[in-house]
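Reader: Hi! Could you walk me through this one? I'm new to reading structures.
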Amino acid sequence: QTLFHEMGHAMHSMIGRTEYHNVSGTRCATDFVELPSILMEHFLSSPTVLSLFDTNGFSTDSQTGNNHRDPCHFIDTHSSVLLSVLDQIYHSPLALDSEFDSTAVLAYLTNTRGLIPHTPGTSFQTQFGHLFGYGATYYSYLFDRAIASYVWRHIFSSSPVERELGERYKREVLSYGGGKNPWLMLSALLKMPALEGGDAAA
């Protein structure tokens, strides 16, 4: 899963064809930076894709797919929700208070909303770079998971290795990086003009 995820980031950067390097590939709107990587994870649920890696005569006829789904998927989603909330708190006016204690905030959130209680004496948040590297946009993982699922279902799920679909995705999304409004890219990819505005309805 990690290999496919990171390959999505690599493809985003390698396929970029922007005029300026500082808006190429993953140098795009943070809300959409995880879209290519999370979309790539969906390919692991396809027997057609998995059969490409098998040297022992894997038969897609006998497989229903999704056999490699992470059994902790919902726990991971719950953790992403908590980290997104924590990220918002860390970047809120509360953090400007001289008495602000980032570990106490984490402990409270974990103990009241988490699945596993906080371990006293630990400070996980100081070792998790996305909480300060993303700067209040950690929610993009959840946001892009929803978009990637939609793209997978409507573009790739029935024909995940069809060249023309890959070319369309490359042409409409990967080549632009941050050089084009991401809602315009999604609108073109999905052939849904209603997405162009990027508003709440989109």
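**The end of a helix, and what lies around it**

Author: Happy to! This is a predicted model. Let's start at Lys 191, which follows helix α9 and has a positive phi, near 55°.

Reader: Which residues make up α9, and is it mostly covered or not?

Author: Helix α9 runs over residues 182-190, and seven of its nine residues are buried. Among them are Trp 183, Met 185 and Leu 189.

Reader: Cool, what do those buried residues pack against?

Author: They pack against α2 (35-42), α7 (140-156) and α8.

Reader: And what caps the N-terminal end of α9?

Author: That is Asn 181: one of its side-chain oxygens lies 2.7 Å from the backbone nitrogen of Trp 183.

Reader: Let's switch to α8. What does Glu 172 touch?

Author: Glu 172 sits in helix α8, residues 163-174. Setting aside neighbours within four places in sequence, Glu 172 is in contact with Met 185, Ala 188 and Leu 189.

Reader: Is Glu 172 buried or exposed, and why?

Author: Glu 172 counts as buried because its relative accessibility is 18%, and buried means under 20%.

Reader: Glu is charged, right? Which partner does Glu 172 have in a salt bridge?

Author: Its partner is Arg 171, with the closest N and O atoms 3.8 Å apart. Arg 171 counts as partly exposed, at 41% relative accessibility. As background, side chains of opposite charge can pair when their charged atoms come close.

Reader: How many salt bridges does the structure hold?

Author: Five. Arg 163, Glu 167 and Lys 170 are linked in a network of them.

Reader: Ooh, a network! How far apart are the atoms in it?

Author: Glu 167 meets Arg 163 at 2.8 Å, N to O, and the closest N and O atoms of Glu 167 and Lys 170 are 3.3 Å apart. Glu 167 and Arg 163 are four residues apart in α8, so about one helical turn separates them. Arg 163 is exposed, at 64% relative accessibility, whereas Lys 170 is partly exposed, at 32%.

Reader: Last topic: which domains does the chain have?

Author: The domain assignment gives domain 1 (1-71 + 141-195) and domain 2 (72-131). Their contact takes six residues from domain 1 and eight residues from domain 2. The centres of the two domains are 29 Å apart, taken over C-alpha atoms.

Reader: What holds that contact, in terms of area and pairs?

Author: About 600 Å² is buried between the domains, with carbon and sulfur atoms giving 56% of that area. There is one residue pair in polar contact between them, and the count of salt bridges there is zero.

Methods. Residues are numbered from 1 along each chain as its sequence is written. This is a predicted model: local features need pLDDT of at least 70, side-chain atom pairs count only at pLDDT 80 or more; totals for chains, interfaces and linings use all residues. Side-chain values use heavy atoms; hydrogens and water are left out. Domain bounds come from an automatic or database domain assignment. Contact means heavy atoms within 4.5 Å. Buried area is the accessible area (1.4 Å probe) that two parts lose on being put together, summed over both. A salt bridge is a side-chain nitrogen of Lys or Arg within 4 Å of a carboxyl oxygen of Asp or Glu. A polar contact is a pair of N or O atoms within 3.5 Å; within protein, one must be able to donate a hydrogen and the other to accept it, and residues adjacent in sequence count only if both atoms are side-chain atoms. Helices (H or I, at least four residues) and strands (E, at least two) are DSSP runs, numbered from the N terminus. Buried means under 20% relative accessible area, exposed over 50%, partly exposed in between (1.4 Å probe, protein chains only).
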